[in-house]
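This report describes a single protein chain for a reader who is new to structural analysis. Please keep the sequence and the structure in view while reading.

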Amino acid sequence: MYFNTILSNMAAILIISRSTLAFQPSRMPLIHGVVSFSSHNLSSLQTIGRHRCLYLSTQTNVGENTEPEKKLIDLAKTFIQNKNAAGCGEASLDGVFDMCCLSTVDLYGLKGEDVKPGFTAFFESHQGLCHELMEEPTVVGPGIVQYPFIKKWRSEEDGDEKVWKSIDPEKPRKKVERLGFNSEGKLEKVSVVEADSPL
């Protein structure tokens with residue numbers, strides 16, 4: 001009786017062992033599948049990471065200006081500063097004229113000998129003339145920069161402040177001041193044009 005019990009227990013152990021061994025091969029593909037899935041995810045993450053880095057590297061270039069473009073933008077701001085200095089009486093218009101190639105410049109339609117007297121007369125009739133940028137100047141072509149602006153001055157008749165916006169949805173109006181510089185950094189043309197007008 002005791003011997004038969006031992007034999008039964010041994011048989012049970014043998015069956016369990018065989019079952020375990022039989023089950024192990026079925027686990028292997030599962031484990032391999034997990035490893036394979038993880039490797040696939042790692043590869044995908046690495047690819048996404050590379051794409052993200054490439055995206056960020058290209059994004060850092062957006063909105064950046066080259067050195068020649070920065071110089072044009074600085075010249076445009078200097079032009080506005082010189083006009084404002086003359087408008088508020090802190091300086092003469094010589095700062096503006098010094099920026100121009102006087103022999104060839106087209107300054108708001110004034111050319112040649114009409115440039116200095118014509119522009120001076122305009123400032124005299126627009127007391128306190130001041131220009132404010134609505135946006136940063138933008139380089140739109142070789143030697144060409146433009147910007148929307150607000151112009152303010154005092155009326156000759158009653159002294160009231162007048163305001164003119166180059167971009168005004170209520171009018172509607174969408175204009176910019178466009179400056180053209182030659183290779184020496186001198187102004188050749190200054191005009192107020194439609195924002196989308198050809199260069």
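## Salt bridges

The model discussed here is predicted. Across the whole structure, a search finds six salt bridges. Side chains of opposite charge can pair when their charged atoms come close. Three of these pairs are described below, beginning with one inside a helix.

Lys70 and Glu67 form a salt bridge through their side chains, with a distance of 3.6 Å from N to O. Both residues belong to helix 2, which covers residues 67–87, and they are three residues apart, about one turn of the helix. Lys70 is partly exposed, because its relative accessible area of 39% falls between the 20% limit for buried residues and the 50% limit for exposed ones.

## Pairs that link distant parts

What do Lys77 and Glu136 tie together? Their side chains meet in a salt bridge of 2.8 Å, N to O. Lys77 lies in helix 2, while Glu136 lies in the loop between strand 3 (127–133) and strand 4 (138–141), so the pair ties together parts that are 59 residues apart in sequence. Lys77 counts as partly exposed at 27% relative accessibility, and Glu136 counts as partly exposed at 48%.

A salt bridge also joins the side chains of Lys83 and Glu177, at 3.0 Å from N to O. This pair links distant parts of the chain, since Lys83 is in helix 2 and Glu177 is in strand 9 (residues 173–181), 94 residues apart. Are these two residues buried or exposed? Both Lys83 and Glu177 are buried.

## Overall architecture

The secondary structure of the protein consists of four helices and ten strands. In sequence order, these elements follow the pattern α-α-α-β-β-α-β-β-β-β-β-β-β-β. The protein has 199 residues, of which 26% count as buried.

Ser125 is placed in helix 4, which covers residues 115–125. With a relative accessible area of 24%, Ser125 is partly exposed. The C-alpha atoms of Ser125 and Arg154 are 8.9 Å apart, although 29 residues separate the two along the chain.

## Cysteines

How many disulfides does a search of the whole structure find? The result is zero. Cys88 is in no disulfide, and the nearest cysteine sulfur, that of Cys130, is 7.7 Å away. A disulfide requires two cysteine sulfur atoms within 2.5 Å, so Cys88 does not qualify at that separation. Cys88 counts as partly exposed, at 48% relative accessibility.

Cys100 is likewise in no disulfide; the nearest cysteine sulfur belongs to Cys101 and is 8.7 Å away. Cys100 counts as buried because its relative accessibility is 6%, under the 20% limit.

## A patch of negative charge

Which residues gather in a patch of negative charge on the surface? They are Glu156, Glu157, Asp158 and Asp160. Within this patch, Asp160 is placed in the loop between strand 6 (149–154) and strand 7 (161–165).

Asp160 has a relative accessible area of 43% and is therefore partly exposed. A residue needs over 30% relative accessible area to be included in a patch, so the 43% of Asp160 satisfies that requirement.

Notes
Residues numbered from 1 in each chain as written. Predicted model: local features only at pLDDT ≥ 70, side-chain atom pairs only at ≥ 80, totals over all residues. Heavy atoms only, no water. Patch = residues over 30% accessible without salt bridge, like charges linked within 9 Å, V, L, I, M, F, W, Y side chains within 5 Å. Areas by Shrake-Rupley, 256 points an atom, 1.4 Å probe, with all protein chains shown as cover. Salt bridge = Lys/Arg side-chain N within 4 Å of Asp/Glu carboxyl O. Lys, Arg positive; Asp, Glu negative; His and termini not counted. Charge placed at Lys NZ, Arg CZ, Asp CG, Glu CD. Helix = DSSP H or I, 4+ residues; strand = E, 2+ residues; numbered from the N terminus. Buried < 20%, exposed > 50% of the residue type's maximum accessible area, 1.4 Å probe, protein only.
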